[in-house]
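Subject: Structure handover

Hi,

Here is the structure I promised to pass on to you. Have a look at it first, and then read my notes underneath.

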Amino acid sequence: MESPALIFSQTPHSNHALPSLIPHLVPPPRRSLHPVGRFLSTFGGHATRRPLLIPSRVTSNMASSTGVDSYPTLLEYVGKGGADVGDDLVVLLTHLQYACKRIAALVASPFNAKLDQRHQERGRAGSSLSSERDIPKPLDIIANDIILTSLKNSGKVAVMASEEDDLPVWISDNGPFVIVVDPLDGSRNIDASIPTGTIFGIYNRLAELDHLPVEEKAQLNSLQSGNRLVAAGYVLYSSATIICISFGSGTHAFTLDHSTGEFVLTHPSIQIPRRGQIYSVNDARYFDWPDGLRRYIDVVRQGKGQFPKKYSARYICSLVADFHRTLIYGGIVMNPRDHLRIVYEANPLSFLVEHAGGRGSDGKTRILSMQPVELHQRLPLFLGSVDDMLELESYDTIQQKINPGYDV
Ligand SMILES: O=P(O)(O)OC[C@H]1O[C@](O)(COP(=O)(O)O)[C@@H](O)[C@@H]1O
């Protein structure tokens, strides 16, 4: 029987019934300020504009156990004495953050080059994929396995949909959560030690679908609209390993302290500046761009936009790194062609940027209000400071329709 919580619609793109008009999550109540929160709020530099909202339970527990100058760890932050996100989610995060520590060690390993060489030779010999760019790197596959194993061990996940897999993997009938993940974004630059990242989104399992066949409920659970996210985050593997996460009330970043092996809260309540002075895009594609996008970039780099300063360009070509910098310094990170995926990349990052006071769109529509119809559906993606985003979107034609596929 159809649940009253869901209204199903058939779309021309899919044979599956899709849940739509799903109610927004109610954010958890705001917490009171604590003096340690005010102290920590200075640590995030100019990215942190708001005082930290840490419940005093967290900081008083820390004071007694680890000393007043300690920062809360991720697990202290989410646990009962802290933000109290619920036992199931704490268990899940315990496993997920462990997986990401393993991936951090993996991407920094001196033995990756050999692994990669052997894999490329095998890939070239047996692959039907059109370009070398499309061959998954061994580290993508290993990262995917690490995450899947952790999620299985957590006992808290019903289904995992990964950017690396064609279909979602059903893990357990009783798992309360659904995870969507891009295990290792940016890996194609990894031989040059460019930063990479893991992106994830967490939804509740839709109990209304429990009666459906496994493949169908796996698919539909994974196709939830971004406005139903319970939490989302990314892990940046760079000069520091940073997990940035939101549970729907602020966006917070925790940095891996290698001396203790713990992620500690370093960037509480991140607020993206309303306006930045940086745009981030692969501008070798300039001649494939539509007129509106060309004009916008031409205008802001001459300092003739709404903000009368010349903008700078920054583009690492690794989404998590480009996004993280944008969150901290402001501006826009964009990929105007249908390349990035709504489920694995656009939704989680839009959730994070919105909870940091920014905006995420496909150039026309707010990402989180969209209903994905296919797991690997791609779209143009624009994320960033509110004022920059509104100015860019006022140019109208900013989505790149010519998308020939590129070799590098
Ligand atoms: O080639 P483009 O359009 O600059 O795309 C670069 C983007 O592609 C990504 O590498 C992801 O693409 P893949 O999933 O194919 O690796 C992002 O990290 C990066 O932002």
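Below is what I found, going from the chain as a whole to the sheet and then to the ligand.

Please keep in mind that this is a predicted model.

**The chain overall**

The chain has 408 residues, and 47% of them count as buried. Its secondary structure comes to 11 helices and 15 strands. If you take the contacts between residues at least 6 apart in sequence, 65% of them join residues at least 24 apart.

**Two domains and their contact**

The domain assignment splits the chain into domain 1 (7-267) and domain 2 (278-393). Where they touch, 39 residues come from domain 1 and 29 residues from domain 2. On the domain 1 side, at least two residues each are supplied by strand 2 (17-20), strand 5, strand 6, helix 7, strand 7 and strand 8. Strand 6 gives the largest share of that side, with five residues. Sorted by class, the side of domain 1 that touches domain 2 holds 16 nonpolar, 20 polar and three charged residues.

**The eight-stranded sheet**

Several of those strands also belong to an open sheet of eight strands, whose order is 4-3-5-6-7-8-9-10 and whose pairing is mixed. Strand 4 (169-170) and strand 10 (262-267) are the edge strands, each pairing on one side only.

Strand 7 is a good place to start looking. Strand 6 (residues 196-204) pairs with strand 7 (residues 231-237) in the antiparallel sense, over seven bridges. Within that pairing, I202 stands opposite A231 of strand 7. Strand 7 also pairs with strand 8 (residues 241-246), again in the antiparallel sense, over six bridges. There, the bridge partner of A232 is S246 in strand 8. Strand 7 and strand 8 form a hairpin, with three residues between them.

How many of the residues of strand 7 are buried? Seven of its seven residues are, and both faces are covered. A231, G233, V235 and Y237 are buried on one side, while A232, Y234 and L236 are buried on the other.

Two helices are worth displaying together with the sheet. Helix 6 (residues 138-154) lies across strand 3 (157-162), strand 4, strand 5 (177-185) and strand 6, and runs at about 155 degrees to strand 5. Helix 7 (residues 214-222) packs on the sheet as well, touching strand 3, strand 4 and strand 5. The direction of helix 7 makes about 70 degrees with that of strand 3.

**The ligand**

You will probably want to see this part most. Which residues surround the ligand? They are D185, G186, R188, N282, C317, S318, L319, N335, H339 and Y406. By class, this shell divides into three nonpolar, five polar and two charged residues.

Why does the ligand lie between the two domains? Domain 1 (7-267) and domain 2 (278-393) both give residues to the shell, so the ligand lies between them. Among the shell residues are D185 and R188, as well as N282 and H339, so to speak a short list for your first view.

Happy to talk it through whenever it suits you.

Best wishes

Terms used
Residues are numbered from 1 along each chain as its sequence is written. This is a predicted model: local features need pLDDT of at least 70, side-chain atom pairs count only at pLDDT 80 or more; totals for chains, interfaces and linings use all residues. A residue is near a molecule or strand if its C-beta atom, placed from the backbone, lies within 6 Å of it. Ala, Val, Leu, Ile, Met, Phe, Trp, Tyr, Cys and Pro count as nonpolar, Asp, Glu, Lys and Arg as charged, and the others, Gly among them, as polar. Domain bounds come from an automatic or database domain assignment. Two strands pair if DSSP finds at least two bridges between them. Helices (H or I, at least four residues) and strands (E, at least two) are DSSP runs, numbered from the N terminus. Two residues are in contact if their C-beta atoms, placed from the backbone, lie within 7 Å. Axes are lines fitted to C-alpha atoms, for helices over the stretch in contact, and angles run from 0 to 180 degrees between N-to-C directions. A residue is buried if 20 or more other C-beta atoms lie within 10 Å of its own, exposed if 12 or fewer, and partly exposed in between; C-beta atoms are placed from the backbone.
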